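Here's a quick walk through one model, from a buried tyrosine outwards. Have the coordinates open as you read.

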Amino acid sequence: MPNIQLPDGTVKEYPAGSTAIDVARDISDRLAQATVAAQVNGAVVDATRPLEELSDADPIPLKLITSRDSEALGVLRHSCAHVMARAVMRLYEGVGLAFGPTTGNGFYYDFDLEQPISEEDFPRIEAEMAAIVKDAEPFERFVVDRDEALELEQGLDQKLKVEHIQTGLADHPTLSFYRQGEFLDLCRGPHIPDAGRIKAFKLISVAGSYWKGDAKNKHLQRLYGTAFFDRKDLQRYLDRVEEAKRRDHRVLGKQHHLFTIAN
């Protein structure tokens, strides 16, 4: 029976296996719906993980993270990267998964894919993402040992993930995965409780990249996107991006015939 301490100093005992969502629900159903992640011992974690797994402290220090907290947006965007990757795998054959981290303004995912993705494909991918978000399926975390992780990725024919387990994660005895519907990915997390928490997203651009950033490695396609908890926040961001483009000195210079840029 863990004791949980909230930021205001309140300490309360909860049943074994309780999660941050359970603590939030004990306070109010509205707070439980608003909770997207948690912070335990200074680390941002899934709000759906049993708290005893996350700390040996007594009481366990817990902060509930909602969309108002600065840490929340990164968790949301990481989860949206998974949604985007799932949509791409539904729409294209033979998709190899690389990495899908967050960035300062959004996220990207690198794909090993023979068929090129262009901006003309974005509406179709976004429509599939919207269908995934509408289903609001949970992000389910599980942990396996390295051998089982290798078997999982080999069974999925994810060659880049297999290589990463064998090399970059060679000293990790256990590895975590996240499942959302039919989509399964090797990932540290954390993630939002379910895809329904994603309220606004947009694909931004596509570019080339290399596996692990090395030009000697396999060439990949990098798909960029962004996500927000509110459609108004997304629109404000897109407006800022467009305004920055209009103010770009390279664009203004050519428009006013101040200089030319040779390719």
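## A buried aromatic pair

Let's begin with Tyr237: its relative accessibility is 12%, so Tyr237 counts as buried. Keep in mind that this is a predicted model. Phe228 also counts as buried, because its relative accessibility is 8%; the cut-off for that label is under 20%.

How many aromatic pairs are there? The count comes to five. In one of them, the ring centres of Phe228 and Tyr237 are 5.7 Å apart with the planes at 45°, so this pair is tilted. Two numbers do the job here: a pair of aromatic rings is described by the distance of the centres and the angle of the planes.

## Charges over rings

Phe228 has a charged partner as well. The charged end of Arg77 sits over the Phe228 ring, at 4.7 Å from the ring centre. So Phe228 turns up twice, once in the tilted pair with Tyr237 and once under the charged end of Arg77.

There's another arrangement of this kind to look at. Over the ring of Tyr92 sits the charged end of Arg124, 5.2 Å from the centre of that ring.

## The five-stranded sheet

Now for the sheet built from five strands. It is open, its order is 2-1-5-3-4, and the pairing is mixed. Strand 2 (11-13) and strand 4 (43-45) are the edges, each pairing on one side only. From one strand to the next, the twist averages 35°.

Where strand 1 meets strand 2, the two run antiparallel and are joined by three bridges. To place yourself there, find Ile4, which stands opposite Lys12 in strand 2.

## Helices on the sheet

Helix 1 packs on the sheet and touches strand 1, strand 2, strand 3 and strand 5, with its direction at about 75° to that of strand 5. Helix 3 (residues 72-91) lies across strand 3, strand 4 and strand 5, and runs at about 120° to strand 3.

Which residues of helix 1 (residues 20-27) are buried? They are Ala20, Ile21, Val23 and Ala24. These four are on the same side of helix 1 because they cover an arc of only 160° around the axis. What do the buried residues of helix 1 pack against? Their neighbours are strand 1 (3-5), helix 2 (29-34), strand 3 (35-40) and strand 5 (60-66).

## The loop before helix 1

Thr19 belongs to the loop between strand 2 and helix 1. Is Thr19 buried or exposed? With 10% relative accessibility, Thr19 counts as buried. Setting aside neighbours within four places in sequence, Thr19 is in contact with Ala47, Thr48, Arg49, Pro50 and Leu51.

## Strand 9 and its partners

Strand 9 (residues 174-180) is largely enclosed by the rest of the structure, because five of its seven residues are buried. Strand 8 (residues 140-145) pairs with strand 9 in the antiparallel sense, over six bridges. Val144 has Leu175 in strand 9 as its bridge partner.

Strand 9 also runs antiparallel to strand 10 (residues 183-186), and four bridges join them. Here Phe177 has Leu186 in strand 10 as its bridge partner. The hairpin of strand 9 and strand 10 has two residues between the strands, and in this hairpin Gly181 takes a positive phi near 60°.

Note on methods. Residues are numbered from 1 along each chain as its sequence is written. This is a predicted model: local features need pLDDT of at least 70, side-chain atom pairs count only at pLDDT 80 or more; totals for chains, interfaces and linings use all residues. Side-chain values use heavy atoms; hydrogens and water are left out. Buried means under 20% relative accessible area, exposed over 50%, partly exposed in between (1.4 Å probe, protein chains only). The arc is that of the directions from the helix axis to the C-beta atoms. Contact means heavy atoms within 4.5 Å. Two strands pair if DSSP finds at least two bridges between them. Axes are lines fitted to C-alpha atoms, for helices over the stretch in contact, and angles run from 0 to 180 degrees between N-to-C directions. Rings of Phe, Tyr and Trp (its six-membered ring) pair if their centres lie within 6.5 Å; planes under 30 degrees apart count as stacked, over 60 as edge-to-face and the rest as tilted. A charge sits over a ring if NZ of Lys or CZ of Arg is within 6 Å of the ring centre and within 35 degrees of the ring normal.
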